[in-house]
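Visitor: I should like to be guided through this protein, beginning with its sheet. Please explain each term as it arises.

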Amino acid sequence: MNQLPSSPRKLGRRHVLALGGAALAGVAIPRVYGFAPNDGARRIKIGQIGVGHAHASKLAAYRRSPDYEVVGIVEPDEKLRDTAGKQPVYADLPWLTRDALLNTPGLQAVLVETHVRDSLANAEVCIAAGKHIHLDKPAGESLTHYRQILEQAKAKNLLTQMGYMFRYNPALVLLREFLQQGWLGEVFEVHTVMSK
């Protein structure tokens, strides 16, 4: 295969064909680019607040990744905690109070996976504690409050990430490149299906 450029922005048609072939062959596109997984020496310490959101079980992906160390989980609702405690994704994780989680030495980021009504309050506390956050969608019940949290994060140089599925999926990243380069011509109609 031809040598790929160091940056996805420098892709040409030949490289796209190579990537497409690699994807069809089952090779992960990040591997084609030469990204190596973290060796575990500098794992990112994260925790999760809440199990009430429908996507809270995404914690399993963080637990499998060599890039993260999940230090604990917070769920003040005893019924939700009991139900979640029976799921493999939460097995062997310590259940903490929010204050205990936020004061965990080395904690860098928090996944906010509460019921929507509670997400912004928890996100704001995390930002105030100096932690980066991943906030699942929707951001909450108040756009004004969400904007305030984004401003607080910006002032503290903290990252906030909204949980939009597939935003960084290699296939979608490649499709955006196709569109930006005009390789599909003028797109006038799109038909998509996303099923579970």
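**The sheet, the core and a histidine**

Guide: Six strands, with parallel pairing, make up an open sheet in the order β3-β2-β1-β4-β5-β6. Strands are DSSP runs of E of at least two residues, and helices are runs of H or I of at least four, both numbered from the N terminus; two strands pair if DSSP finds at least two bridges between them. The model is a predicted one, in which local features need pLDDT of at least 70 and side-chain atom pairs pLDDT 80 or more, while totals for chains, interfaces and linings use all residues. Residues are numbered from 1 along each chain as its sequence is written, and side-chain values use heavy atoms, without hydrogens and water.

Visitor: Which are the edge strands?

Guide: An edge strand pairs on one side only. In this sheet, that description fits β3 (95-96) and β6 (160-163).

Visitor: Over how many bridges do β4 and β5 pair?

Guide: Ala 109 stands opposite His 132 in β5. β4 and β5 pair in the parallel sense, and the number of bridges is four.

Visitor: Which element gives the most to the largest nonpolar core?

Guide: A nonpolar core is a set of buried Ala, Val, Leu, Ile, Met, Phe, Trp, Tyr and Cys residues joined through side-chain atoms within 4.5 Å. The largest one has 20 residues, and Leu 101, Val 110, Cys 126 and Leu 135 have the most contacts inside it. At least two residues each come from β2 (68-74), α5 (98-102), β4 (109-112), α6 (116-128), β5 (132-136) and α7 (143-155). With four residues, the element that gives the most is α6.

Visitor: Is His 53 buried or exposed?

Guide: His 53 is located in the loop between β1 (44-49) and α3 (59-64). Buried means under 20% relative accessible area, exposed over 50%, and partly exposed in between (1.4 Å probe, protein chains only). Because its relative accessible area is 11%, His 53 is classed as buried.

Visitor: Which backbone oxygen lies 2.6 Å from a polar atom of the side chain of His 53?

Guide: Contact means heavy atoms within 4.5 Å. Leaving aside neighbours within four places in sequence, His 53 is in contact with Glu 113, Thr 114, His 115, Asp 136 and Lys 137. The backbone oxygen at 2.6 Å from the His 53 side chain belongs to Lys 137.

Key: A polar contact is a pair of N or O atoms within 3.5 Å; within protein, one must be able to donate a hydrogen and the other to accept it, and residues adjacent in sequence count only if both atoms are side-chain atoms.
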